[in-house]
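Visitor: Before we look at individual residues, I would like to hear how each label is earned. Please take me through the reasoning step by step.

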Amino acid sequence: MFLSENRREENKNGKMCSLFCFSADIISTVEFNYSGELLATGDKGGRVVIFQHEQESKNRPHLRGEYNVYSTFQSHEPEFDYLKSLEIEEKINKIRWLPQQNAAHFLLSTNDKTIKLWKISERDKRAEGYNLKDEDGRLLDPFRITSLRVPVLLPMDLMVEASPRRIFANAHTYHINSISVNSDHETYLSADDLRINLWHLEITDRSFNIVDIKPANMEELTEVITAAECHPHQCNVFVYSSSKGTIRLCDMRAAALCDRHSKFFEEPEDPSSRSFFSEIISSISDVKFSHSGRYMMTRDYLSVKVWDLNMENRPVETYQVHEYLRSKLCSLYENDCIFDKFECCWNGSDSAIMTGSYNNFFRMFDRNTRRDITLEASRESSKPRATLKPRKVSTGGKRKKDEISVDSLDFNKKILHTAWHPKDNVIAVAATNNLYIFQDKIN
């Protein structure tokens, strides 16, 4: 699949909206809403930036994949836990949209400890003609009011307002790594290293602990929860992955506390390939159900695997993302890159998957043809509406033209967060502090 690049750097007023290269500007999550009309990003500075899809017109058909800044707001602030002498950073770990029920949009955002429900709404009218206030908002003396006025609504410039509607706090001892909205649209789950909680969207002061893997003696701890997600259609089913490379599917109908899983997914390890790094690279960094609910996808350090929910003993598909790094695991361990947590995503029809790599590369795999492609998201190699050229990595020997050597890969440039439009071939790729939006090529 060839994609043309569309990187938004200016909004309609010509103001710069590209993120400058500060650590607070590094994008930490990317998420399309259910319709694909809106795209939300969160960064390490606790900000949420929402982009809106530009309506296509006959005169400008190239706007099909254009997104402009719609709203920007500060979601989280840095905090300090005085009881534990612990700083809680403002970084947005995850954003999840709720299905749209009315004119307003709702999303959940979380940092390490606190989850917030935000309402994003538009206002293009203002009320005038109050009885108890003057035009400046000051209260009038009620004894001087001699007549009754009927307030009227007058048009005004469009204003997008983001307001916090719920704050879900003080429920996680460890850092929150996942939130997932349930298919009943009333509950959602949040997961940290050792526990998973179930929340009701209308109740903020309590949640139900549905998974707890904390041992009585922390010295006996052998694995942690790395990701969790609700099934897209069955509100009683969810999965969570672990640092041991296993996935557990749980059914909340079986028991209030899902300590016992319904299904256990694990691929047997090949003893001949075992090494010092085997346990580290087998840790699952992301798990995603397919839109159909029949499959799920997991991402470990070197590969993406697709599992059939009816077959637990091995994945039905395995895609190598950057197998050429296997010989570099020692140096990747020394510079801590081996602990990077790459995400993965499905396209709208579940026929293709995407995940990130180093050197600003991202990989796309077609499940039907088993073809794959490596593309690069960078300012140097792409211009707006230009066709991206496939990239290849040379693993040794004589390097061909247009190939890049493994030794020259930049491990500081990494694509950890990607998102795929739920209906169209439009993808969003976060390359450190830049957001790239790509669309399939228009003839």
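Visitor: Are Glu343 and Lys94 buried or exposed?

Guide: Keeping in mind that this is a predicted model, Glu343 is buried, and Lys94 is buried as well; the word applies to residues under 20% relative accessible area.

Visitor: What makes Glu343 and Lys94 a salt bridge?

Guide: The closest N and O atoms of Glu343 and Lys94 are 3.4 Å apart, and because the cut-off is 4 Å between a side-chain nitrogen of Lys or Arg and a carboxyl oxygen of Asp or Glu, the pair qualifies as a salt bridge. This pair links distant parts of the chain, with Glu343 in the loop between α2 and β24 and Lys94 in strand β8 (residues 94-97), 249 residues apart.

Visitor: How many salt bridges does a search of the whole structure find?

Guide: The search finds 21 salt bridges, and among the residues involved are Asp25, Asp43 and Arg47, which are linked in a network.

Visitor: Why are Asp300 and Lys305 called buried?

Guide: Asp300 has a relative accessible area of 10% and Lys305 has 16% relative accessibility; since buried means under 20%, Asp300 counts as buried, and so does Lys305. Their side chains meet in a salt bridge, at 3.7 Å from N to O.

Visitor: What distance separates the closest N and O atoms of Arg367 and Glu317?

Guide: They are 2.8 Å apart, and because the limit is 4 Å, Arg367 and Glu317 form a salt bridge. Arg367 lies in the loop between β26 (361-366) and β27 (372-376), whereas Glu317 belongs to strand β23 (residues 317-320), so that the pair links distant parts of the chain, 50 residues apart. Both Arg367 and Glu317 are buried.

Visitor: How many disulfides does a search of the whole structure find?

Guide: The search finds zero disulfides. For Cys230, the nearest cysteine sulfur is that of Cys235, 9.1 Å away.

Visitor: Why is the sulfur of Cys250 not in a bond with that of Cys258?

Guide: The closest cysteine sulfur to that of Cys250 is in Cys258, at 5.1 Å, and because a disulfide needs the two sulfur atoms within 2.5 Å, the distance is too far for a bond. Cys250 itself counts as buried, at 0% relative accessibility.

Visitor: Why does Phe339 count as partly exposed?

Guide: Its relative accessibility is 44%, and because partly exposed covers what falls between the limits of 20% and 50%, Phe339 receives that label. Phe339 is placed in the loop between α2 (329-334) and β24 (344-346), and together with Phe276 and Tyr333 it makes a nonpolar surface patch of about 340 Å².

Conventions. Residues numbered from 1 in each chain as written. Predicted model: local features only at pLDDT ≥ 70, side-chain atom pairs only at ≥ 80, totals over all residues. Heavy atoms only, no water. Patch = residues over 30% accessible without salt bridge, like charges linked within 9 Å, V, L, I, M, F, W, Y side chains within 5 Å. Areas by Shrake-Rupley, 256 points an atom, 1.4 Å probe, with all protein chains shown as cover. Helix = DSSP H or I, 4+ residues; strand = E, 2+ residues; numbered from the N terminus. Buried < 20%, exposed > 50% of the residue type's maximum accessible area, 1.4 Å probe, protein only.
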